[in-house]
Amino acid sequence: MQAIQTITHTLNITEVFKTASGTIFQSDSENCWYIDFAGKLNRFDYRCLQKLRKAVYHIDIEGLLMNTNRSADMEIVFICACDHTYILTTLEIIALKELLQGTFTMLELNHIIHDRLYRGAL
Amino acid sequence: MKDIMRIKCLISTEMESILNQQIRKEAQSSSIYLAMASWCDRNGFDGSSVYFFKQADEERQHQLKFFKYVLDMGATAISPDVSGIKIEYNSFREVFEDALDQEISVTQSIKNIASLCHKEQDYVTMEFLNWFLKEQREEEYKARRALELFEVIGEEGAGRWQIDKHVGDIKYDSEA
Ligand SMILES: [Fe+2]
Ligand SMILES: [Fe+2]
């Protein structure tokens, strides 16, 4: 947490969405996002964030939950062309999905505000 | 907070996904027309075969038009996989019935995109789409006219031979 506060201060980043299991920040100066999740703080640019979303949204969570004969309750989330790999349990995948859904809702809201308030007024 | 998503990409995620569906649909159309060209060629309907080869080419161009638009707007265009294309037809007439069905379903899916454009007030994509709306007018007209040849000429005697000879003559030249 201390580390994140320092980063927030020096990089001038804004919290986009936060859940009990993680937080996503946006950096306006770097045009990117920082994801604090599963004990890691990772940087994602536009393309990588889209890829992460696609990867997470495509995981068949219901299938994972219904599957009883799995040896390990783990799913490897690998996002190609990005430096980050997540190895997550089913519960963590649900948590990450929730975090991403909230984040994209906030970004959509931010987009609407920009459109209506700033872009329309120019 | 900066609107980074919008800076990177003009269209919404939903729009990107529906346009990618259309890319698949156009690719499918192209493959279907190619299968029709093959069937017609195999069964001695050379005129119709040429007609469907041309249609297949046109659909490929439609696919690329959507593909490039998606890329130009900063989104991801996905090269589609097309499978399950019909090879055999029960009759010469069935080929043309299927062709019209296919065009009607394409018109419908383009109308669905238009409706999303209105919902999102995405006038940029709407303007791009106008070309396709007009194109569908021609596509449906041609498919309908072709099928009508079966009524006008009739299939008896040298009927099918006549139909095959005249399919290539169908033109749509409305300036409206
Ligand atoms: Fe088309
Ligand atoms: Fe067409």
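Reader: What does the secondary structure of chain A come to?

Author: In this predicted model, chain A holds four helices and six strands. Read from the N terminus, its elements follow the order α-β-β-β-β-α-α-β-β-α.

Reader: How much of chain A is made up of buried residues?

Author: Of the 122 residues in chain A, 38% are buried. The label applies to a residue whose relative accessible area is under 20%. Chain A also exposes about 7,300 Å², of which carbon and sulfur atoms supply 57%. Among its contacts with a separation of 6 or more, 44% involve residues 24 or more positions apart.

Reader: Is Ile59(A) buried or exposed, and how do you know?

Author: The relative accessible area of Ile59(A) is 11%. The term buried is reserved for values under 20%, and Ile59(A) is therefore called buried. This residue sits in the loop between α2 (46-57) and α3 (61-66) of chain A.

Reader: Which residues does Ile59(A) touch, if those up to four places away in sequence are not counted?

Author: Ile59(A) touches Leu64(A), Glu75(A), Val77(A) and Ile93(A). A contact requires heavy atoms within 4.5 Å, and each of these four residues satisfies that rule with Ile59(A). One of them, Ile93(A), is 34 residues away from Ile59(A) along the chain, and their C-alpha atoms are separated by 8.4 Å.

Reader: What makes the group of Met106(A), Leu109(A), Ile113(A), Leu117(A) and Tyr118(A) a patch on the surface?

Author: A nonpolar patch joins side chains within 5 Å, each belonging to a residue with over 30% relative accessible area and no salt bridge. Met106(A), Leu109(A), Ile113(A), Leu117(A) and Tyr118(A) form such a patch, and together they have about 460 Å² of accessible area. Tyr118(A) may serve as an example: its relative accessible area is 47%, and the threshold for membership is over 30%. Tyr118(A) therefore passes the threshold on area. The residue lies in helix α4 (residues 90-119) of chain A.

Reader: Why is Tyr118(A) called partly exposed?

Author: A residue counts as exposed over 50% and as buried under 20%, with partly exposed in between. Tyr118(A) has a value of 47%, so the residue is partly exposed.

Reader: Turning to chain B, how many helices and strands are there?

Author: Chain B contains six helices and zero strands. Its elements accordingly run α-α-α-α-α-α from the N terminus. The C-alpha atoms of chain B fill a box of roughly 75 × 35 × 20 Å along the principal axes. Of its 176 residues, 46% are buried.

Reader: How many positive and negative side chains does chain B have?

Author: Chain B has 22 positive and 32 negative side chains, and the centres of the two sets lie 4 Å apart. Side chains of opposite charge can pair when their charged atoms come close. Over all chains, the count of salt bridges comes to 13.

Reader: Why is the pairing of Lys142(B) and Glu138(B) called a salt bridge?

Author: The rule asks for a side-chain nitrogen of Lys or Arg within 4 Å of a carboxyl oxygen of Asp or Glu. For Lys142(B) and Glu138(B) the N to O distance is 3.8 Å, so the pair qualifies. The two residues are four apart in helix α5 (residues 123-152) of chain B, a separation of about one helical turn. Lys142(B), at 8% relative accessibility, is buried, whereas Glu138(B), at 23%, is partly exposed.

Reader: What is the distance between the closest N and O atoms of Arg144(B) and Glu140(B)?

Author: Those atoms are 2.6 Å apart. The limit is 4 Å, and Arg144(B) and Glu140(B) therefore form a salt bridge. Both residues lie in helix α5 of chain B, about one turn apart. Glu140(B) is buried at 15%, and Arg144(B) is partly exposed at 35%.

Reader: Which residue forms a salt bridge with Arg160(B)?

Author: The partner is Glu155(B), with the closest N and O atoms 3.0 Å apart. Arg160(B) and Glu155(B) belong to one network with Arg93(B), Glu97(B) and Glu151(B), joined by salt bridges that share partners. Relative accessible areas are 39% for Arg160(B) and 22% for Glu155(B). Values between 20% and 50% count as partly exposed, so that term applies to Arg160(B) and to Glu155(B).

Conventions. Residues are numbered from 1 along each chain as its sequence is written. Chains are lettered from A and ligands numbered from 1 in the order in which they are written. This is a predicted model: local features need pLDDT of at least 70, side-chain atom pairs count only at pLDDT 80 or more; totals for chains, interfaces and linings use all residues. Side-chain values use heavy atoms; hydrogens and water are left out. Buried means under 20% relative accessible area, exposed over 50%, partly exposed in between (1.4 Å probe, protein chains only). Lys and Arg count as positive and Asp and Glu as negative; His and the chain ends are not counted. The place of a charge is taken as NZ of Lys, CZ of Arg, CG of Asp or CD of Glu. Patches are made of residues with over 30% relative accessible area and no salt bridge: like charges are joined within 9 Å, nonpolar side chains (Val, Leu, Ile, Met, Phe, Trp, Tyr) within 5 Å. Accessible areas come from the Shrake-Rupley method with a 1.4 Å probe; for residues, only the protein chains shown count as cover.
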